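Please examine the model shown below with its sequence to hand. The account that follows leads through its loops, its helix contacts, its domains and its ligand shell.

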Amino acid sequence: MTDNVVFTRGVPPPEAFPTDELGECFDAAIREDPSVVLQYGQQPGYAPLRRVLAEEYGVSEDEILVGNGSLQLQDLVSAYLVSSGTSVFTEQPSYDRAIKTFRRRGARAVGIPLEEDGISVERLEATLAREVPAFLYLVPDFQNPAGATLSLEKRRRVLELANEYGFNVIEDVPYRKLRYAGEDLPLLREIDPSRVITMSSFSKLLSPGIRVGFMISPPDLIGAVTRLGEDTYLSPVLPTQAAVAEYLRRGLLEPNVERLKQLYTPRWKAMAEAVRRELPDAQAFVPNGGFFVSVMLPEDANTENLVGRAKERGLVLTPGAAFFADPDDGGPVPGDRFVRLPFCAVTPEQIEEGVRRLASLI
Ligand SMILES: Cc1ncc(COP(=O)(O)O)c(C=O)c1O
């Protein structure tokens with residue numbers, strides 16, 4: 001095989017999109033409610049969609065804001081909660097675009113090491129003894145980029161610390177419903193919602209192009225972020241929100257998630273097996289769901305210009321350093337040794353070939 005193997009994109013493949021069903025829902029949504037859906041308005045999001053989400057999460061409608069993708073909501077939350085010089089804590093590594101939005105809003109992004117069962121609580125406590133962040137940003141289920149899932153014990157401890165020190169916790173859970181094995185752990189908000197802002201999205205369950213993401217938080221923060229949103233984009237994109245509401249009303253989400261799990265499970269297994277076989281000396285994170293496996297290559301691996309050499313061998317990788325915030329202890333960042341391996345948009349054959357190429361380079 002000489003074709004490129006692309007391990008850069010954490011996106012759903014085209015065969016994941018429920019195109020016909022979504023098309024029918026768009027048509028129905030626009031025709032049934034044109035005076036609302038085609039007009040400016042409903043700044044916190046399309047009311048019927050907020051209602052369904054409020055029901056699912058056991059909150060009131062004024063605790064729900066639906067916007068144009070969850071990343072923009074994250075950015076608006078940062079604009080509200082961060083002032084120049086404040087810090088935001090993240091897992092280390094963390095979602096690169098989130099780190100970027102925090103920094104753009106003036107925050108120092110401080111990375112707390114990630115372990116296989118989630119953020120290091122000891123390191124979090126040590127850093128809290130020095131400073132308290134505007135918020136702690138976590139991706140507790142099948143993390144992007146590493147794949148780690150936060151254990152129940154650590155979920156509880158993080159919330160205790162949030163109450164003790166008085167900081168908010170963002171739990172960003174776009175991959176949560178894509179579990180291929182094992183049992184769900186509770187959301188942080190299900191354990192104690194008092195300091196939790198939950199964010200999620202339909203990007204990985206339906207389509208990223210529709211840009212429908214949402215947040216759940218106390219009404220005062222929802223109100224503040226809604227006003228910032230109105231000043232930024234005037235009105236959210238209501239036709240896509242109405243189409244999602246229609247999709248949910250027809251009971252189509254659950255069967256679609258099942259279909260996605262069937263599509264992704266062989267790819268997940270192929271990646272897990274290939275990494276164990278081809279990279280036995282690397283520290284591998286192999287989650288029970290989501291989009292990403294990752295590896296921390298051994299210290300003596302040849303990581304010099306790895307992304308460039310990989311490209312010459314037909315393997316496209318994301319530079320690991322992009323996923324790292326400022327280290328909590330001022331120590332070195334092992335970005336060169338970190339490789340994210342998204343498996344959903346590649347076939348098992350491409351996965352095997354790609355991981356073989358990676359192993360041959362180090
Ligand atoms: C952890 C995480 N949060 C947020 C997003 C962005 O989601 P959205 O498409 O809803 O903006 C992504 C997309 O890759 C992600 O991995």
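Pro-145 is located in the loop that runs between strand S6 (135-138) and helix H7 (152-165); helices here are DSSP runs of H or I with at least four residues, strands are DSSP runs of E with at least two, and both are numbered from the N terminus. The bond that joins Asn-144 to Pro-145 is a cis peptide bond, with omega about 15°. The model is a predicted one, in which local features need pLDDT of at least 70 and side-chain atom pairs count only at pLDDT 80 or more, while totals for chains, interfaces and linings use all residues. Residue numbers start from 1 along each chain as its sequence is written.

A cis peptide bond also leads from Gln-92 to Pro-93, with omega near 5°. Pro-93 belongs to the loop between strand S3 (87-92) and H5. Another loop, between helix H2 (34-37) and helix H3 (47-57), contains Gln-42. Although Gln-42 is not a glycine, its phi is positive, at about 45°.

The helix that follows the loop of Pro-93 also takes part in a helix pair. Helix H4 (residues 70-81) and helix H5 (residues 96-104) pack with their axes 9 Å apart and at an angle of about 30°; axes are lines fitted to C-alpha atoms, for helices over the stretch in contact, and angles run from 0 to 180 degrees between N-to-C directions. H4 and H5 are therefore roughly parallel to each other, on a scale where angles under 35 degrees count as roughly parallel, over 145 as roughly antiparallel, 65 to 115 as roughly perpendicular and the rest as oblique. Their crossing is right-handed, a term that applies if the near helix is turned clockwise from the far one by less than a right angle, with left-handed used if it is turned anticlockwise. On the H4 side, Leu-71, Gln-74, Asp-75 and Ser-78 meet Arg-97, Ala-98, Thr-101 and Phe-102 of H5; two residues are in contact if their C-beta atoms, placed from the backbone, lie within 7 Å. This contact of H4 with H5 comprises three nonpolar, three polar and two charged residues. In this classification Ala, Val, Leu, Ile, Met, Phe, Trp, Tyr, Cys and Pro count as nonpolar, Asp, Glu, Lys and Arg as charged, and the others, Gly among them, as polar.

Leu-71 of H4 appears again at the ligand. Of the 13 residues around the ligand, those that come nearest are Gly-69, Leu-71, Ser-201, Ser-203 and Gly-213; a residue is near a molecule or strand if its C-beta atom, placed from the backbone, lies within 6 Å of it. The shell around the ligand has five nonpolar residues, seven polar and one charged.

Helix H10 (residues 238-249) takes part in a contact with helix H1 (residues 19-32), where the axes come within 8 Å and cross at roughly 110°. H1 and H10 are therefore roughly perpendicular to each other, and the crossing is right-handed. H1 contributes Glu-21, Leu-22, Cys-25, Phe-26, Ala-28, Ala-29 and Ile-30, and H10 contributes Pro-239, Ala-242, Ala-243, Ala-245, Glu-246 and Tyr-247. By class, the contact of H1 with H10 has eleven nonpolar, no polar and two charged residues.

H3 and H10 have axes that come within 8 Å and cross at roughly 45°. These two helices, H3 and H10, are therefore oblique to each other, and H3 passes H10 in a left-handed crossing. Pro-48, Leu-49 and Val-52 of H3 make the contact with Gln-241, Val-244, Ala-245 and Leu-248 of H10. Six nonpolar residues, one polar and no charged ones form the contact of H3 with H10.

At the level of the whole protein, there is a division into domain 1 (5-16 + 255-361) and domain 2 (19-249), with bounds that come from an automatic or database domain assignment. The centres of the two domains, taken over C-alpha atoms, are separated by 24 Å. Domain 1 gives 29 residues to the contact and domain 2 gives 32 residues.
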